[in-house]
Amino acid sequence: MFKRDNTRKIFGDAMTAYAAVNPKVVVLTADVASSVMATSFAQKYPERFFNVGIAEAGMIDTAVGFALGGLVPFANTFAGLLSRATEQIRTCVAYANTNVKIVGSFAGLSNFKDGPTHHSIMDVAIMRAMPNMTVLVPSDSVEARKIIPLVSEYEGPVYIRISRSEMPVIFDESHKIELGKGQVVREGNDVTLIANGHMLSRALEAADKLAAQGVKARVVNLPTVKPLDKDLIVKCAEETKAIVTCEEHTVIGGLGSAVAEVLVRECPVPVDMIGIADVFTETALDHDTLMDAYGMSVDEIVRSAQKVMLKQD
Amino acid sequence: MTGKVAHSPQLVKELEDLARQLRIDLIEMIYRRKSGHPGGSLSAADILAALFFHQLRIDPMNPDWESRDRFILSKGHACSTLYAALARRGFFPMETLQAWGQIGCCLQGHPDRLKTPGVDMTSGCLGHGINIAAGLLLAAQVRGLDYRTYVVIGDGEVQAGVLWEGAMLAGKYKLNKLITVMDYNKVQLDGKVEDIMPIEPVRQKWEAFNWSVLEINGHNMKEILEALDRAVEAKDKPTVIIAHTVKGKGVSYMEGKSDWHGKVPNDDEFKVAMEELKAHV
């Protein structure tokens with residue numbers, strides 16, 4: 001079992017800390033500053049903090065204005081509410097290629113208690129479909145914290161998915177994250193489990209269970225869904241001959257689709273996708289139980305691994 | 001009106017002539033390309049002439065000048081007027097206008113900030129301009145820059161809810177350097193604005209969002225210039241200039257007709273349009 005910590009608070013505090021070294025950073029929010037832990041930034045840098053009220057679409061356009069004005073805006077709201085700004089993101093962020101950083105907080109099913117209106121199960125698919133967009137799903141608080149300077153110094157649109165829940169801590173301070181790159185976090189040659197976000201810890205737990213059955217599963221962390229680390233994916237397919245993708249998202253259009261798009265062209269091997277089937281979810285009393293109920297349990301990953309291994313050449 | 005010296009008759013005449021020239025240019029462009037939006041481009045011609053040839057602090061030799069005034073054509077479908085103005089102002093050669101819309105040309109079907117020199121922001125989907133302008137001006141405050149941001153919106157555009165998110169924001173932050181001109185030509189794609197989705201009382205809407213409102217005849221150059229002068233002097237509010245215009249202004253058979261929102265004149269119609277527009281030059 002992993003220790004857990006408060007990813008969104010660590011992310012929010014890290015934004016505040018980074019703002020001290022980068023005066024170009026400004027933060028926007030749509031009436032959810034306290035929820036997304038932007039209050040420390042607001043208190044320390046009131047002149048660089050802008051609350052637009054319940055106006056997500058307007059917030060994205062305003063962030064575009066900040067970017068055109070030479071600053072680095074981080075626009076924060078709930079990931080599930082960002083879809084109302086899809087046209088703004090498509091036209092004014094992605095197409096106009098403006099330097100806007102969009103933070104979708106309370107991502108996936110992490111706002112379990114507020115129900116499907118507040119779950120975000122298709123944000124990665126929507127963002128990934130947009131040219132020019134970089135899509136990041138950090139897998140723990142260390143990554144969430146470490147991507148802030150990276151995305152700030154990268155020129156271009158970025159979408160960052162942040163969980164509401166306390167996430168298992170996978171990495172220590174020595175962890176290096178690079179945009180567009182994944183890492184093997186556990187060696188193995190029988191099957192590869194590719195995961196990000198909350199699903200990375202579950203993939204690691206599944207690898208433990210598979211090991212008990214004599215199966216050596218490789219586990220790959222892929223926090224950048226776009227641009228995808230194609231070389232690493234193809235290498236894993238060549239070496240392990242079977243892939244299971246694990247994401248807290250619909251299986252349509254997200255990490256699994258991205259990986260499959262590469263493999264079908266470069267190295268077709270059996271693939272299975274762990275994620276939410278093409279359904280809306282429901283309200284629950286806690287995040288983990290909800291993920292289990294919608295097909296993302298550790299046992300489900302184990303079963304998928306067994307399934308794809310049966311189809312291996 | 002402002003205590004300033006009135007604009008010289010010569011300046012007014014020059015700008016009127018430029019507006020007529022822009023109308024000729026844009027009808028030629030739309031006719032040549034067999035595509036475009038003549039109605040709303042003609043209605044905005046006087047406004048854009050005043051902005052690009054008098055009001056805006058811009059430098060065609062240095063389109064990315066940090067302290068330049070920003071301009072957003074939020075009603076992006078009127079880009080033929082914008083392209084003609086940019087070319088005549090020297091941002092790119094006049095010949096470029098002839099290639100408008102061809103693959104590889106820097107002039108897109110709607111404005112594209114990445115392709116066209118002098119275009120500060122991509123547009124085409126309505127309702128974005130005011131929010132973006134607000135962000136530009138808040139960024140200027142953070143950075144200590146003193147540029148103004150001018151936005152030209154349509155009247156049908158006012159129907160888009162997101163526009164009012166920006167209006168509310170600009171009111172909250174008292175963005176007095178935000179100057180919006182509403183090209184109120186009373187006609188949109190499907191018909192009259194008052195039939196499709198009435199926007200009146202529109203003056204009161206802006207006032208309710210804490211904007212200062214000026215109302216002018218958007219085809220009277222003197223009134224346009226005076227309104228811009230007053231807007232520049234605004235202290236603690238953004239300004240909207242409600243410019244009453246005529247859709248298709250300058251081409252008799254297009255005036256006031258929604259059919260000419262996105263229609264292209266045929267050979268005979270083109271000839272008539274040119275005769276009418278050139279008769280005034």
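Modeller: Two strands pair if DSSP finds at least two bridges between them. The model here is predicted.

Colleague: How do you know that strand 5 and strand 7 of chain A pair?

Modeller: Four bridges join strand 5 of chain A to strand 7 of chain A. At least two are required, so these strands count as paired. They run parallel, and A:I102 has A:Y159 of strand 7 as its bridge partner.

Colleague: What makes strand 6 of chain A a partner of strand 7 of chain A?

Modeller: Three bridges in the parallel sense link strand 6 and strand 7 of chain A. One bridge pairs A:L136 with A:I160 in strand 7 of chain A.

Colleague: Are A:V158, A:Y159, A:I160 and A:R161 of strand 7 buried or exposed?

Modeller: A:V158 and A:I160 on one side of strand 7 of chain A, and A:Y159 and A:R161 on the other, are all buried. A residue earns that word if 20 or more other C-beta atoms lie within 10 Å of its own. Both faces of this strand are therefore covered.

Colleague: In what order do the strands of the open sheet in chain A lie?

Modeller: The order of the seven strands is 3-2-4-5-7-6-12, with mixed pairing.

Colleague: Why do strand 3 and strand 12 of chain A stand at the edges?

Modeller: Strand 3 (49-51) and strand 12 (224-226) of chain A each have a single partner strand, so one side of each lacks a neighbour in the sheet. From one strand to the next, the twist averages 20°.

Colleague: What is the direction of helix 6 of chain A relative to strand 7 of chain A?

Modeller: Helix 6 (residues 141-153) of chain A packs on the sheet, and its direction makes about 165° with that of strand 7 of chain A. Angles over 145 degrees count as roughly antiparallel, so that term fits helix 6 and strand 7 of chain A.

Colleague: Why is helix 3 of chain A called oblique to helix 5 of chain B?

Modeller: The axes of helix 3 of chain A and helix 5 (residues 129-143) of chain B come within 6 Å and cross at roughly 45°. Roughly parallel needs an angle under 35 degrees, and roughly perpendicular needs 65 to 115. The crossing angle fits neither, so helix 3 of chain A is oblique to helix 5 of chain B. The crossing is right-handed.

Colleague: Which residues make that contact between helix 3 of chain A and helix 5 of chain B?

Modeller: Among them are A:G58, A:D61 and A:F66 of helix 3 of chain A, and B:N131, B:L136 and B:A139 of helix 5 of chain B. By class, this contact has 10 nonpolar, five polar and one charged residues.

Technical notes. Residues are numbered from 1 along each chain as its sequence is written. Chains are lettered from A and ligands numbered from 1 in the order in which they are written. This is a predicted model: local features need pLDDT of at least 70, side-chain atom pairs count only at pLDDT 80 or more; totals for chains, interfaces and linings use all residues. Axes are lines fitted to C-alpha atoms, for helices over the stretch in contact, and angles run from 0 to 180 degrees between N-to-C directions. Two residues are in contact if their C-beta atoms, placed from the backbone, lie within 7 Å. A crossing is left-handed if the near helix is turned anticlockwise from the far one by less than a right angle, and right-handed if clockwise. Ala, Val, Leu, Ile, Met, Phe, Trp, Tyr, Cys and Pro count as nonpolar, Asp, Glu, Lys and Arg as charged, and the others, Gly among them, as polar. A residue is buried if 20 or more other C-beta atoms lie within 10 Å of its own, exposed if 12 or fewer, and partly exposed in between; C-beta atoms are placed from the backbone.
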